[in-house]
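Biologist: Please take a close look at one part of this model, the pairing of its strands. Then set that part within the rest of the chain, including the side chains packed around it.

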Amino acid sequence: MATTQTDGRFNHPSYVLKRQIFKMVGSNFFIYEPSGALAFFVHQKGFKLKEDITVFADEAQSNPLFTIRARQIMDFSAAYDISLAGSGERIGVLKRKGWASIARDEWIVCDANEVQFAQLIEDSLMLALFRRFLSGLIPQNYDMLTGTTRIADYKQNFNPFSYNLNLDMSEWNDQFDRRIAIAAAVLLAAIEGRQK
């Protein structure tokens, strides 16, 4: 399904997600466009069994754009619906492959009709295994692939004092909704934060 984005904040080739890590309850995510301007803001509430995230256009949380909601509580093979904040219309789905993600994280990326168009996969099995045992010492790196073509790259900078995730969408295929790729970045950062 092609997207017609009139909001320019969705059309950048890259973004940087920064997570505020020294926060007592929950986490704040700031997502910046290449110019350094804030494009999106997320407040992730602490101690929630069922993930329910709203992505806002502003830090005041006055302009909700879309939501990321888990279908079940503590689901091993979790599915997350990405929906428009106002209408609730679903624009995409991210499904974690349960058993396959024990050693190396894998996700199925679907459109609004729940038809798979890509997969999101951790960079390598060896590095994924090292990450499991050396949490925080080896940065995350994921590729979103359609077939063998990478359409989005998620790369964490190594920094023990801050969490920065770089999202490169310069090869994004615009027949797919760009908000799905941005939602995936938020979800990866949220899950990594919960695991810590």
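Modeller: Two strands count as paired if DSSP finds at least two bridges between them. The model is a predicted one, and every value below is computed from it.

Start at the N-terminal end of the sheet. Strand β1 covers residues 14–20 and strand β2 covers residues 27–32; five bridges join them, in the antiparallel sense. Within this pair, Lys18 has Phe30 of β2 standing opposite. From β2 the pairing carries on to β3, again antiparallel, this time over six bridges. Here Ile31 has Phe40 of β3 as its bridge partner. The hairpin made by β2 and β3 has five residues between the strands, and one of the residues in this hairpin, Gly36, takes a positive phi near 100 degrees.

Strand β3 itself spans residues 38–44, and five of its seven residues are buried, which leaves the strand mostly covered. Its link to strand β4, residues 52–56, consists of two bridges, and these two strands also run antiparallel. The count of two is just enough for a pair, because at least two bridges are required. Val42 takes part in this pairing, with Val55 of β4 as its bridge partner.

The wider sheet follows the numbering of its strands. The barrel is closed by 12 strands in the order β1-β2-β3-β4-β5-β6-β7-β8-β9-β10-β11-β12, with antiparallel pairing. On average, neighbouring strands of the sheet are turned by 20 degrees against each other, with direction ignored. The chain has two helices besides its 12 strands. Read from the N terminus, the order of elements is β-β-β-β-β-β-β-β-β-α-β-β-β-α.

Phe40, met above as a bridge partner of Ile31, also belongs to an aromatic cluster, together with Phe10, Tyr15 and Phe66. Phe10 has a charged side chain over its face as well: Arg179 lies there, 5.7 Å from the ring centre. A second arrangement of this kind involves Arg19, which lies over the face of Tyr163 at 4.2 Å from the ring centre.

Aromatic contacts recur elsewhere. With ring centres required to lie within 6.5 Å, the count comes to seven aromatic pairs. One of them is formed by Phe117 and Phe176: the ring centres are 4.1 Å apart and the planes are at 15 degrees, so this pair is stacked. Phe117 sits in strand β9 (residues 116–122), while Phe176 sits in the loop between β12 (163–168) and α2 (178–195), so the pair ties together parts that are 59 residues apart in sequence. Phe117 and Phe176 are both buried.

Nonpolar packing can be described next. The largest nonpolar core contains 49 residues, and Met144 and Tyr154 have the most contacts inside it. Helix α2 gives the most to this core, with 12 residues. Beyond four places in sequence, Met144 touches residues that include Val109, Ala118, Leu120, Ile151, Tyr154, Trp172, Ala181 and Ala184. In soluble globular proteins, nonpolar side chains tend to be buried together. Over the whole chain of 196 residues, 48% count as buried.

A polar residue at the far end of the barrel order is worth adding. Gln156 lies in strand β11, residues 149–156. Its relative accessibility is 13%, so Gln156 counts as buried. With neighbours within four places in sequence set aside, Gln156 is in contact with Pro139, Gln140, Tyr163, Asn164 and Leu165; Tyr163 is also the residue whose face Arg19 lies over.

Two loop residues complete the account. Glu171, in the loop between β12 and α2, counts as exposed because its relative accessibility is 56%. Leaving out neighbours within four places, Glu171 is in contact with Arg150 and Ile151. Arg150 is 21 residues away from Glu171 along the chain, and their C-alpha atoms are separated by 7.2 Å. Gly88 lies in the loop between β6 (79–84) and β7 (90–96); at 45% relative accessibility, it counts as partly exposed. From Gly88 to Thr67 the separation is 21 residues in sequence and 8.4 Å in space, C-alpha to C-alpha. For the chain as a whole, among contacts between residues at least 6 apart in sequence, 37% join residues at least 24 apart.

Definitions and conventions: Residues are numbered from 1 along each chain as its sequence is written. This is a predicted model: local features need pLDDT of at least 70, side-chain atom pairs count only at pLDDT 80 or more; totals for chains, interfaces and linings use all residues. Side-chain values use heavy atoms; hydrogens and water are left out. Rings of Phe, Tyr and Trp (its six-membered ring) pair if their centres lie within 6.5 Å; planes under 30 degrees apart count as stacked, over 60 as edge-to-face and the rest as tilted. Helices (H or I, at least four residues) and strands (E, at least two) are DSSP runs, numbered from the N terminus. Buried means under 20% relative accessible area, exposed over 50%, partly exposed in between (1.4 Å probe, protein chains only). A charge sits over a ring if NZ of Lys or CZ of Arg is within 6 Å of the ring centre and within 35 degrees of the ring normal. Axes are lines fitted to C-alpha atoms, for helices over the stretch in contact, and angles run from 0 to 180 degrees between N-to-C directions. A nonpolar core is a set of buried Ala, Val, Leu, Ile, Met, Phe, Trp, Tyr and Cys residues joined through side-chain atoms within 4.5 Å. Contact means heavy atoms within 4.5 Å.
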